[in-house]
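Open the model in your viewer and keep the selection tool at hand. The tour below goes stop by stop, saying what to select and what is found there.

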Amino acid sequence: MYTVRPVTAEELLGAAERLGGLLADTVDGGASVGFLAPLDPGAAADWWRALAPEVGAGRLLLWVAYPEPDADPGTGAGTGAGTRIAGTVQLRPASTANGRHRAEVAKLMVHRADRGHGLAGRLLAALEAAAVGRGIRTLVLDTETDSPAERLYAAAGWTRVGTVPDFATDPAGAPHATTVYYKALPATADSPGR
């Protein structure tokens with residue numbers, strides 16, 4: 001079992017090394033998330049640290065998943081401090097006045113040792129629930145065409161828009177097509193534009 005929770009900028013800085021390890025594992029496992037392999041875990045940790053100002057300003061929301069034994073609220077251990085991170089996902093709300101109803105989903109990653117337990121779906125569900133709570137009605141994302149992630153998004157009710165040939169390279173540097181998806185979320189009373 002896992003605990004999925006949002007993290008603050010301060011928590012992100014404290015978890016940067018562990019998030020760097022997760023990112024390096026994801027890239028070394030062949031996932032196209034914007035980096036080439038082999039990815040140095042120190043460089044990956046620096047990349048996470050650079051996101052702290054965006055998280056602090058609310059321009060980026062970030063969730064992490066910890067193995068359940070670490071998340072004991074009665075002991076205050078629920079922060080995940082000191083343990084590995086099993087997965088993560090990001091939400092980037094649009095910053096333009098005419099786009100406050102939408103956001104981009106990015107960097108959904110699950111450590112190879114934690115795959116097959118529904119964790120990616122749980123991370124995505126936590127993100128979607130938080131987006132609804134913020135009045136976001138439209139989510140968009142892109143993923144490597146024919147990757148296992150496409151099955152996840154289809155099962156979670158996302159709509160395939162189309163593909164862009166040779167949009168990004170895989171970690172080995174070979175170009176691949178990218179598929180774009182969107183998901184319409186339920187509108188709330190405080191949704192922008194209502």
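**Stop 1: strand E6**

Start by selecting Asp-166, which lies in strand E6 (residues 159-169). This is a predicted model, and what follows describes that prediction. Look at the backbone of Asp-166: phi is near 50°, a positive value in a residue other than glycine. Is Asp-166 buried or exposed? With a relative accessibility of 55%, Asp-166 counts as exposed.

**Stop 2: the loop after E5**

Now select Asp-146, in the loop between E5 and helix H5 (148-155). Asp-146 also has a positive phi although it is not glycine, here near 70°. Its relative accessibility is 69%, and Asp-146 counts as exposed.

**Stop 3: strand E5**

Step back into strand E5 and select Thr-143, which has its place there. Thr-143 is buried, at a relative accessible area of 12%. Which residue does the side chain of Thr-143 join in a polar contact of 3.5 Å? The partner is the side chain of Ser-147. Next, show the surroundings of Thr-143, leaving aside neighbours within four places in sequence. Thr-143 is then in contact with Ala-149, Glu-150 and Tyr-153, and also with Ala-177, Thr-178, Thr-179 and Tyr-181.

Stay in the strand and select Val-140, since E5 covers residues 138-144 and Val-140 is found in it. Val-140 is partly exposed, with a relative accessible area of 31%. Add Val-161 and Tyr-182 to the selection: together with Val-140 they make a nonpolar surface patch of about 240 Å².

**Stop 4: salt bridges**

How many salt bridges does a search of the whole structure find? The search finds eight. Side chains of opposite charge can pair when their charged atoms come close. Three of these pairs are visited here.

Begin with Glu-150, one of the contacts of Thr-143. The side chain of Glu-150 meets that of Arg-160 in a salt bridge, at 4.0 Å from N to O. This pair links distant parts of the chain, with Glu-150 in helix H5, Arg-160 in strand E6, and their positions 10 residues apart. Glu-150 counts as buried, at 11% relative accessibility.

For the second pair, select Arg-84 and Asp-114. Their side chains meet in a salt bridge of 2.5 Å, N to O. Arg-84 lies in the loop between strand E2 (61-67) and strand E3 (87-93), and Asp-114 in the loop between strand E4 (102-110) and helix H4 (119-133), so the pair ties together parts that are 30 residues apart in sequence. Which of the two counts as buried? Asp-114 counts as buried at 2% relative accessibility, while Arg-84, at 41%, counts as partly exposed.

For the third pair, select Arg-49 and Glu-17, whose side chains meet in a salt bridge of 2.4 Å, N to O. Arg-49 lies in helix H2 and Glu-17 in helix H1, so this pair ties together parts that are 32 residues apart in sequence. Arg-49 counts as partly exposed, with 30% relative accessibility. Add Asp-46 to the selection: salt bridges that share partners join Glu-17, Asp-46 and Arg-49 into one network.

**Stop 5: around helix H1**

Keep Glu-17 selected, in helix H1. Not counting residues up to four places away in sequence, Glu-17 touches Ala-45 and Arg-49. To try the distance tool, pick the C-alpha atoms of Glu-17 and Ala-86: they are separated by 13 Å, and the two residues are 69 residues apart along the chain.

Then go to Pro-38, in the loop between helix H1 (9-28) and helix H2 (41-49). What kind of peptide bond joins Ala-37 and Pro-38? The bond is cis, with omega about -5°.

**Stop 6: confidence**

Last, colour the chain by pLDDT. The mean for the protein chain is 92, and 90% of its residues reach 70 or more. Where does pLDDT stay under 50? Select residues 71-78: pLDDT stays under 50 over this stretch, for which the model has eight contacts beyond four places in sequence.

Methods. Residues are numbered from 1 along each chain as its sequence is written. This is a predicted model: local features need pLDDT of at least 70, side-chain atom pairs count only at pLDDT 80 or more; totals for chains, interfaces and linings use all residues. Side-chain values use heavy atoms; hydrogens and water are left out. Patches are made of residues with over 30% relative accessible area and no salt bridge: like charges are joined within 9 Å, nonpolar side chains (Val, Leu, Ile, Met, Phe, Trp, Tyr) within 5 Å. Accessible areas come from the Shrake-Rupley method with a 1.4 Å probe; for residues, only the protein chains shown count as cover. Helices (H or I, at least four residues) and strands (E, at least two) are DSSP runs, numbered from the N terminus. Buried means under 20% relative accessible area, exposed over 50%, partly exposed in between (1.4 Å probe, protein chains only). pLDDT is the predictor's confidence in each residue, from 0 to 100. Contact means heavy atoms within 4.5 Å. A polar contact is a pair of N or O atoms within 3.5 Å; within protein, one must be able to donate a hydrogen and the other to accept it, and residues adjacent in sequence count only if both atoms are side-chain atoms.
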